[in-house]
Amino acid sequence: MRLSAYFLPLLRENPSEAQIVSHRLMLRAGMIRQSSAGIYSWLPLGLRVLKKVEQIVREEQDASGALEVLMPTIQPAELWQESGRYDDYGKEMLRITDRHERAMLYGPTNEEQITDIFRQSVKSYRDLPRNLYHIQWKFRDEVRPRFGVMRGREFLMKDAYSFDLDAAGAKRSYNRMFVAYLRTFARMGLKAIPMRADTGPIGGDLSHEFIILAETGESQVFCDKAWLDADILASEIDYAGDLEPFVERWTRLYAATDEKHDAKACPVAEDRLVTARGIEVGHIFYFGTKYSKPMGAVVAGPKGEPIAVEMGSYGIGVSRLVGAVIEASHDDAGIIWPESVAPFTLGLVNLRAADARCVAAADALYARLGAAGIETLYDDRDESPGAKFAAMDLIGLPYQLVIGPRGLDKGLVELKERKTGRKEELSPEAALNRLGGK
Ligand SMILES: Nc1ncnc2c1ncn2[C@@H]1O[C@H](COP(=O)(O)OP(=O)(O)O)[C@@H](O)[C@H]1O
Ligand SMILES: [Mg+2]
């Protein structure tokens, strides 16, 4: 993509409304714009990141055996009256009346909707287990939307729902999501720590919040120091096998939120206990028959007996993750994207847009990068080198490749790694080879 033809409205100044670094940087890097409180438009650069995050979430859900569907954003109130949550949900629910005076709502979550789909279609225990998920916008009329996309009113969530015949099956489904979550966040370069959590308004028996450590987190958390060196992706996962040992391994290591932590009962010695702020990026629940019973999601068991299915639900804050990754990875100059979610892998910078030789060299390299499948944002604008470097550092692409007259005299270009700031002069060939593996 040529920057001269792109839509990248950078801000020079820090927007005064942004209190935390991810919000500031997302606005400054031209990723999002606010529409109204807690509601945002995603601009091209931001949308590319959102899609990458979404795709990692999707791949790990698919790998675990979950099946993607897409449910509507607008739901009928009757479903929520059936489950008994219509009145309980309170002011966070955006209630809408259609032209026929029917009560509708903008979905804050989809337990009722999916239970309705399930009960219409699944009648036998033979069709279990199933896990259905979607990645869809939600609306919750938060009292205090803040921190940009971190606590929005409209936000993108992946929510999955599992259906099993009995509690043992439901635990296996829970375990599959538990593992998929650990892998999902690790692939984004995040250390998300599963912490025993209260089940809250969704209710139920078993629940973990996946929390990343960051100074600006909304909750206080405690964990064993060993979490800091945990390497999730080192283990091979077989979703068809028994995941209990893996889950046990990662739940044995102490980690707890404020609500669950008790300093006196804490099993971790003080010098091994990390106290930090945390951001919740995912949340999983097992809640049994809380919805299947009142809504009649019943299957025929092996002897024809009616069995209310055991359910769980599993959320990931997809849009929140974009902010969370920035909270975890930035410096004074701007964002530092992990390669897996970077909007582009490389920024190609031509330092002299008025110099025909530089233009020819940069154009040629741009074409070859494209042919090699390296996602490149090509700064071909007529701007000062300082402005170009600042823009590249701000938007945080993992690599920068700089072409200037002095280097070209020697037949060299400069490759910079954003994370370390390490710079290296090398031939265009060598640079292509180096980036080719990306
Ligand atoms: N207002 C919000 N803005 C952005 N993401 C949110 C918001 N509320 C929840 N999420 C994300 O969706 C995930 C699932 O939500 P859930 O656990 O049901 O919400 P809550 O933690 O508010 O009870 C959360 O872990 C979080 O990552
Ligand atoms: Mg939660």
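How many bridges join strand β19 to β20, and do the two run parallel or antiparallel? Four bridges join β19 (residues 346-350) to β20, and the strands run parallel. The model described here is predicted.

## The five-stranded sheet

β19 and β20 belong to an open sheet of five strands. The order is β20-β19-β21-β22-β23, with mixed pairing. β20 (376-379) and β23 (423-426) stand at the edges. Each has a single partner strand, so one side of each lacks a neighbour in the sheet. From one strand to the next, the twist averages 20 degrees. Within the β19-β20 pair, Val-349 stands opposite Asp-379 of β20.

Two helices lie across this sheet. Helix α10 (residues 356-371) lies across β19, β20 and β21 (399-403). α10 runs at about 165 degrees to β19. Helix α13 (residues 428-436) lies across β19, β21, β22 (413-417) and β23. α13 runs at about 25 degrees to β22.

## Strand β13 and its partners

Strand β13 (273-288) pairs with β10, β11 and β16. Strand β10 (residues 206-213) is antiparallel to β13, over eight bridges. Here Glu-209 has His-283 of β13 as its bridge partner. Strand β11 (residues 219-224) also runs antiparallel to β13, joined by six bridges. Asp-224 has Leu-273 of β13 as its bridge partner.

β16 pairs with β13 in the antiparallel sense over six bridges. Gly-282 stands opposite Ile-316 of β16.

## Around ligand 1

Which residues are closest to ligand 1? They are Phe-155, His-283, Gly-315, Gly-317 and Arg-320, from a shell of 16 residues. Elements giving two or more residues to the shell are β8 (154-164), β13, β16 (310-317) and α9 (318-328). β13 gives the largest share, four residues. His-283 thus appears twice: among the residues closest to the ligand, and as the bridge partner of Glu-209.

By class, the shell holds three nonpolar, eight polar and five charged residues.

## The α6-α7 crossing

The axes of helix α6 (residues 167-187) and helix α7 (residues 244-252) come within 10 Å. They cross at roughly 60 degrees. The two helices are therefore oblique to each other. α6 passes α7 in a left-handed crossing.

From α6, the contact uses Asn-175, Phe-178, Val-179 and Leu-182. From α7, Glu-244, Phe-246, Val-247 and Trp-250 take part. These contact residues divide into six nonpolar, one polar and one charged.

Conventions. Residues numbered from 1 in each chain as written. Chains lettered and ligands numbered in written order. Predicted model: local features only at pLDDT ≥ 70, side-chain atom pairs only at ≥ 80, totals over all residues. Near = placed C-beta within 6 Å. Nonpolar A, V, L, I, M, F, W, Y, C, P; charged D, E, K, R; others polar. Axes fitted to C-alpha atoms, helices over the stretch in contact; angles between N-to-C directions. Parallel < 35°, antiparallel > 145°, perpendicular 65-115°, else oblique. Left-handed = near helix turned anticlockwise from the far one by under 90°. Contact = placed C-beta atoms within 7 Å. Pairing = 2+ DSSP bridges.
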